Amino acid sequence: MAESEHVEGEGSTDSIQQFARDLGRLRLQADNPTLARLQAETGISRTVLSEAFNGAKLPTARTVDGIVRACGEEPGPWLDRRDALAANGTRRETVDVEVTSPSRPATAGMSRRAAVLLATGTFLAGVAGSAVTTTLIVTNALAAGPGSPQISVATGEDPALTECVEDARVATGDTRADNSLLEIVWSDKCQAGWGRITRYDGLGQGNTVTIAIYPETAPNGPDRQEATEHDVQGAYTTLVVRPSPDTLLCAEGSFTVDGKRIDLGDPLCI
């Protein structure tokens, strides 16, 4: 549905999630340009673009303008709608999820997609200043044993744009150097996972964050997925579909501080 067709009436229930869904429809109508292509055309980072499409937070006016223009539409009505959401307190559709740790407050009351992709470019206020071992109050989806995919996806797809986020859980996570958090998010229905890294030092501006995930049997093989984002507190990779039931997926990451690379140590595997 094009933005010009979206009508806000009295008692409107417009929300960040609905706005994101409509942006996604607009993207599809424009022949579904990749995030890399949109990044090249708009100058907006892939992480910020992905946040706009998955509803993690209300995108800025600049982001909305860039996306809509790149998709061949007039940005005026979209910007008006974006400003209305901001003025109304950016209403968000909510569901309950169980993703929590001592270093991060619980995400109950947030959208499922926002919770799953929480660490992609933003971080929560109130995070503890000291690094601690992460204890995740979720069920490791792999513990029940391997299964067959119920949702067909391909390695390299953006998880935010797939149904994998609907049952995604943090399968494993660990605090690393400088109070950073390295995680693997897993979808049992897709039999696929993605890596995620969040830095809590507030030093994202002017620096980079790099995260990679790969099958343990081929760390540098064709299925390796890696992302490097600039001027952000976190990043996530595209999907890796598990090639066989007994293949582990491993994630590794790093970030920079004043141009110096900080490696996060041994890979994290599930």
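Here is a walk through this predicted model, from its helices to its strands and the bonds between side chains. Residues are numbered from 1 along each chain as its sequence is written, and side-chain values use heavy atoms, with hydrogens and water left out. Because the model is predicted, local features need pLDDT of at least 70 and side-chain atom pairs count only at pLDDT 80 or more, while totals for chains, interfaces and linings use all residues.

Let's start with helix α4, which covers residues 61-70. Helices here are DSSP runs of H or I with at least four residues, strands are runs of E with at least two, and both are numbered from the N terminus. Within α4, Thr63, Val64, Gly66, Ile67 and Val68 are buried. Buried means under 20% relative accessible area, exposed means over 50%, and partly exposed is in between, using a 1.4 Å probe and protein chains only. What do those buried residues of α4 pack against? Their partners are α1, α2 (35-42), α3 (46-54) and α5 (75-87); contact here means heavy atoms within 4.5 Å. Just after α4 comes Gly72, with a positive phi of about 85 degrees. Cys71 is buried, at 10% relative accessibility.

Now go back to α1, residues 16-29, to meet a charged pair. Side chains of opposite charge can pair when their charged atoms come close. In this model, Asp22 and Arg25 meet in a salt bridge through their side chains, at 2.4 Å from N to O. A salt bridge is a side-chain nitrogen of Lys or Arg within 4 Å of a carboxyl oxygen of Asp or Glu. Both residues lie in α1, three residues apart, or about one turn of the helix. An α-helix has 3.6 residues a turn, so residues three or four places apart point the same way. Is Asp22 buried or exposed? Asp22 is buried, with a relative accessible area of 1%, whereas Arg25 is partly exposed at 33%. The pair also belongs to a network of salt bridges that links Asp22, Arg25 and Arg81.

How many salt bridges turn up in the whole structure? A search finds 13. One of them joins the side chains of Arg82 and Asp83, at 3.3 Å from N to O. Arg82 is buried, with 17% relative accessible area, and Asp83 is partly exposed, with 40%. Arg176 and Asp174 make another side-chain salt bridge, at 2.9 Å from N to O. Here Arg176 counts as buried at 16% relative accessibility, and Asp174 is partly exposed at 23%.

A couple of loops deserve a stop too. Most residues other than glycine have a negative phi, and most peptide bonds are trans. Asn32, though, has a positive phi near 50 degrees. You'll find Asn32 in the loop between α1 and α2, where it counts as partly exposed at 41% relative accessibility. Asp178 also has a positive phi, near 55 degrees. Its place is the loop between β1 (169-176) and β2 (180-187), and Asp178 is partly exposed at 45%.

Further along the chain, Ala192 sits in strand β3, residues 192-198. At 0% relative accessibility, Ala192 counts as buried. Leaving aside residues up to four places away in sequence, Ala192 touches several residues, among them Val153, Trp186, Leu239 and Val241. Ala192 and Pro243 are 51 residues apart in sequence and 9.0 Å apart in space, C-alpha to C-alpha.

Last come the disulfides: a search of the whole structure finds two. A disulfide is a pair of cysteine sulfur atoms within 2.5 Å. Cys164 and Cys190 form one, with their sulfur atoms 2.2 Å apart. The torsion about that S-S bond is about -105 degrees, so this disulfide is left-handed. Cys164 lies in the loop between α6 (112-116) and β1, and Cys190 in the loop between β2 and β3, so the pair ties together parts that are 26 residues apart in sequence. Cys164 is buried at 0% relative accessibility, and Cys190 is buried at 1%.

Another disulfide joins Cys250 to Cys269, at 2.0 Å from S to S. Its S-S torsion is about 110 degrees, so this disulfide is right-handed. Cys250 lies in strand β8 (residues 249-257) and Cys269 in strand β10 (residues 268-269), so the pair ties together parts that are 19 residues apart in sequence. Cys250 counts as buried at 2% relative accessibility, while Cys269 is partly exposed at 31%. Number the bonded cysteines of the chain in sequence order, and the pairing reads 1-2, 3-4.
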